[in-house]
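Biologist: Can you put the model up? I have some questions about cavities and charged pairs.

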Amino acid sequence: MNEKIAIIGLGYVGIPLAVEFGKKFNTIGYDLNKKRIEELNNSIDNISNISKDEFLKSKKLSFTENLSNLKECNIYIIALPTPINKNNKPDLNILFKATSDIASILSKGDIIIYESTVYPGCTEDDCVPILEKKSGLKFNIDFYCGYSPERINPGDKDKTLTKIIKITSGSDKKTAEKIDNLYKSILEVDTYPVSSIKVAEAAKIIENCQRDINIAFVNELAILFNLLNID
């Protein structure tokens, strides 16, 4: 695979991806935070605490805050946060802004992969129209998309990126296979390819909800058991 990969967003999701892909492919980590870029260029990571030794192994990795430096890339992996606003509604402005930025440098044949937490349909119904409008290119003809939900557990030193099964998907069969093989190349475990982008997005929602429900349930039990003097 002769790929040049751009990782958009270098938080606790993006930086492990950049380091792993940088061991095998020409990879550029992109972030708007200039201080963050300066630290990473000096092999300093204060978010995921990736060691200098790991950075040294990523011989094909570089970092930039300059969008134009990504023009030669043909795979864009967007790993940005999707917080909620004061009304508990999804705030996707960061995601849409990054999508618009990437669209401005998109070329024929490029693939955009989303890892951010979104609702089923967001990639194809919301992000693709932005990509088409800004780039002037046609979806599944000139460019392609995929969704592979991030499953990083921040602070977990055992279940790191390469040891977590990765769900993969693509906007057509060929793209799905290409994306699956891309992730397989950096993992120590299997991938789990699914039938569509919407299925992959739904799997992420299920996982997040299941976690939140369990946390809420245990918190309710803790309140009750404390009143009963039960540990």
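Modeller: One definition before we start: buried means under 20% relative accessible area, exposed means over 50%, and partly exposed is in between. Keep in mind that this is a predicted model.

Biologist: Fine. Take D180 then, is that buried or exposed?

Modeller: D180 has a relative accessible area of 7%, so it is buried.

Biologist: And what does D180 form a salt bridge with?

Modeller: With K184; the closest N and O atoms are 3.3 Å apart. Both residues sit in helix α6 (residues 173-184), and because they are four residues apart there, about one helical turn separates them. K184 is partly exposed, at 42% relative accessible area.

Biologist: How many salt bridges does a search of the whole structure find?

Modeller: The search gives 11.

Biologist: Which of them link distant parts of the chain? Give me an example.

Modeller: E115 and K166 are one such pair, with their side chains meeting at 3.1 Å, N to O. E115 is in the loop between β5 (111-114) and α5 (122-135), while K166 is in strand β7 (residues 166-168), 51 residues apart.

Biologist: Why does E115 count as buried?

Modeller: Because its relative accessibility is 1%. K166 is at 3%, so K166 counts as buried too.

Biologist: Switching to cavities. How many of 30 Å³ or more turn up?

Modeller: One, from a search of the whole structure. Its volume is about 50 Å³.

Biologist: Which residues line it?

Modeller: The lining consists of V13, L17, E115, E150, R151, I152, L161, I164 and K166. That list includes E115 and K166, the pair that meets in the 3.1 Å salt bridge.

Biologist: How does the lining divide into nonpolar, polar and charged?

Modeller: Five residues are nonpolar, four are charged and none is polar.

Biologist: Back to salt bridges. What about K198, which side chain does it meet?

Modeller: The side chain of E124, at 3.9 Å, N to O. That pair also links distant parts of the chain: K198 is in helix α7 (residues 197-227) and E124 is in helix α5, 74 residues apart.

Biologist: Where do those two stand on accessibility?

Modeller: K198 is at 38% relative accessibility, so it counts as partly exposed. E124 has a relative accessible area of 25%, so E124 is partly exposed as well.

Terms used:
Residues numbered from 1 in each chain as written. Predicted model: local features only at pLDDT ≥ 70, side-chain atom pairs only at ≥ 80, totals over all residues. Heavy atoms only, no water. 1 Å grid on protein atoms, 1.4 Å probe; cavity = no way out; pocket = protein on both sides within 12 Å on 5 of 7 lines; lining within 4 Å. Points joined across faces, edges and corners; volume = space filled by probe spheres on them. Nonpolar A, V, L, I, M, F, W, Y, C, P; charged D, E, K, R; others polar. Salt bridge = Lys/Arg side-chain N within 4 Å of Asp/Glu carboxyl O. Helix = DSSP H or I, 4+ residues; strand = E, 2+ residues; numbered from the N terminus. Buried < 20%, exposed > 50% of the residue type's maximum accessible area, 1.4 Å probe, protein only.
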